[in-house]
Every structure is written in C-alpha cells, then in structure tokens.
Amino acid sequence: EVVLLFLHGYQATADELVPLAHALERVVSPHRAIQVLLPQAPGGCWWSIEWWSYLAQMFSSEASQAKFIRATPAGVPEARVKILELLAAVEAHARVPRSRIVLAGFSQGAMLALDATLASDERLAAVIAVRGVLCAVEEWARRRARRHRGLRVLQIHGMADPMVPFDTAHWMRELLEKNGARVTLLPHAGGHSFGPPQMIVSCASFLSSVPLS
C-alpha cells in the first residue's frame with residue numbers, strides 16, 4: 001500500500017482536492033492499494049504570504065526571482081514541523097513506514113511538500129509537486145545531498161501559469177537532479193491548475209510504479 005498526503009494550495013481547502021483524490025484512487029487502485037489523506041491548513045494557508053510582494057518578485061527581474069528562491073519565507077519552519085509531525089502520526093496510526101508515503105502538494109503545498117520531505121530523517125517514497133516554486137535553495141541542496149539521493153520527484157507545471165513562472169520549474173528540476181533526485185517534469189499548456197485529464201493518468205502511473213520498501 002502507498003499512502004498519499006496531498007497538501008492544498010494557498011487560500012484553499014482540502015475539500016477542493018477531493019475530486020482529484022477520487023480520480024487518483026480510481027486509476028491507481030487496480031495496480032496498487034492506495035490511501036489518500038488531505039490535511040487542512042488552519043485558515044486556508046500553510047503560512048502567510050504578502051501576495052503583492054510575491055508577485056512583484058516573481059514577475060520582475062531574474063535577480064529578484066533569484067533573491068526570492070534563496071530565502072526561507074517566514075512561517076515555513078513552523079509549517080515544516082507540523083508536516084513532519086503529521087508524517088510521524090501517519091506512520092504510527094496507519095502502520096505504514098515512511099518509505100511507503102508520498103508527499104504531494106499544489107502551489108504553496110508543493111513548496112511545503114518538498115521542504116518537509118528534504119527535512120525528513122528518513123526518505124519518503126516520492127514527492128509530487130504541482131505548480132511548486134523553489135525556496136531556501138542552498139538549504140534544500142544540502143539536505144538533498146546528505147540524505148535523499150535517488151528520491152523520486154514528479155513535477156507538473158502549466159506553461160501559462162500566471163502565479164508561478166514556468167521557468168522556475170526548470171530551476172527546481174536542475175537543483176534536485178544536481179543533488180541526486182530522479183525527476184520527471186510534465187509540462188502542459190494550461191495555467192495555475194492541475195492540468196488536463198492526461199495529467200491524472202500520468203500522476204497515477206507515477207504512483208503505481210514508484211518503488212516501495
């Protein structure tokens with residue numbers, strides 16, 4: 001069995017991911033037992049964002065983008081602790097080792113999924129990042145090289161995303177691959193969304209094939 005924890009995006013609810021969870025369960029279950037868990041962030045966000053400041057940094061100069069991805073946003077360390085505690089609780093109550101847990105996220109949830117995965121003392125089965133953006137790149141690189149070589153990562157990103165520039169998806173892939181991850185980047189023509197139905201099929205295929213121990 002694989003357990004999928006899917007973290008919602010900024011100013012969203014876990015309920016919005018229910019149709020996606022059902023679709024993934026339907027496609028994956030003939031090949032592998034799967035349980036999908038949808039945690040809810042208090043107030044609809046994992047940490048607060050100064051929205052206009054974020055947009056100004058991400059859609060201005062490359063130097064501004066580089067400054068953003070090197071910083072650790074305020075609230076991320078606290079959110080990271082909560083997700084690591086959640087992973088420990090899933091291990092204890094579901095009796096599933098961390099090596100059978102996939103941590104996924106959409107947008108802000110994708111940032112947190114990657115951050116928490118790289119902070120874990122034990123390697124997870126895989127990570128799925130939908131519309132994710134880098135942060136704390138030097139820290140991520142150190143953690144990646146130290147504990148998580150060979151980590152499987154699936155990235156899904158829209159080429160017309162108005163919130164997270166598509167170029168940043170390549171930066172994330174390069175950082176992770178440079179430090180030993182096995183990354184699959186699936187672009188599509190859409191915007192800030194999961195994408196067309198084919199993305200569900202591709203995501204389900206990834207979940208069905210990722211090695212478990």
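Student: Which residues does Q65 touch in this model, leaving out those up to four places away in sequence?

Tutor: The model is a predicted one. In it, Q65 touches Q57, M58, P165 and W171 once residues up to four places away in sequence are left out. A touch here requires heavy atoms within 4.5 Å. Q65 itself is placed in helix α3, residues 62-70.

Student: Why is Q65 called buried?

Tutor: The relative accessible area of Q65 is 11%. Buried means under 20%, so Q65, at 11%, counts as buried.

Student: What makes the E91 and R98 side chains a salt bridge?

Tutor: The N to O distance between the side chains of R98 and E91 is 2.7 Å. The cut-off is 4 Å, between a side-chain nitrogen of Lys or Arg and a carboxyl oxygen of Asp or Glu. The value of 2.7 Å is within that cut-off, so the pair is a salt bridge.

Student: Why is there also a polar contact between the side chains of E91 and R98?

Tutor: That term needs a pair of N or O atoms within 3.5 Å, one able to donate a hydrogen and the other to accept it. The side chains of E91 and R98 are listed at 2.7 Å, so the distance part of the rule is met. E91 lies in helix α4, residues 76-94, and its contacts beyond four places in sequence are V96, P97, R98, I101 and E122. R98 is buried, with a relative accessible area of 9%.

Student: How do you know that E139 and R80 form a salt bridge?

Tutor: Their side chains are 3.9 Å apart, N to O, and the limit is 4 Å, so the pair qualifies. The pair links distant parts of the chain, with E139 in helix α6 (residues 137-147) and R80 in helix α4, 59 residues apart. R80, D115 and E139 are linked in a network of salt bridges.

Student: Are E139 and R80 each buried or partly exposed, and why?

Tutor: E139 has 24% relative accessibility, which puts it in the partly exposed class. R80 has 14% and is therefore buried, the boundary being 20%.

Student: How many salt bridges does the rule give?

Tutor: The count comes to five. One of them joins D161 and R131, whose closest N and O atoms are 3.7 Å apart. D161 sits in the loop between β5 (152-158) and α7 (167-178), and R131 in the loop between β4 (126-130) and α6. These two residues are 30 residues apart, and both are buried.

Student: What is the order of the strands in the sheet?

Tutor: Six strands form an open sheet in the order β2-β1-β3-β4-β5-β6, with parallel pairing.

Student: Why do β2 and β6 stand at the edges?

Tutor: β2 (34-37) and β6 (182-188) each have a single partner strand, so one side of each has no neighbour in the sheet.

Student: What makes β4 and β5 a pair?

Tutor: Pairing requires at least two bridges. β4 and β5 have five, in the parallel sense, so the requirement is met. In β5, V153 is the bridge partner of V127.

Student: How do you know that the span of helix α8 agrees with its number of residues?

Tutor: Helix α8 covers residues 197-209, and its 13 residues at 1.5 Å a residue should span 18 Å. Its end C-alpha atoms are 19 Å apart, which agrees. The buried residues in α8 include M199, C203 and F206.

Terms used: Residues numbered from 1 in each chain as written. Predicted model: local features only at pLDDT ≥ 70, side-chain atom pairs only at ≥ 80, totals over all residues. Heavy atoms only, no water. Helix = DSSP H or I, 4+ residues; strand = E, 2+ residues; numbered from the N terminus. Buried < 20%, exposed > 50% of the residue type's maximum accessible area, 1.4 Å probe, protein only. Expected span 1.5 Å × (residues − 1).
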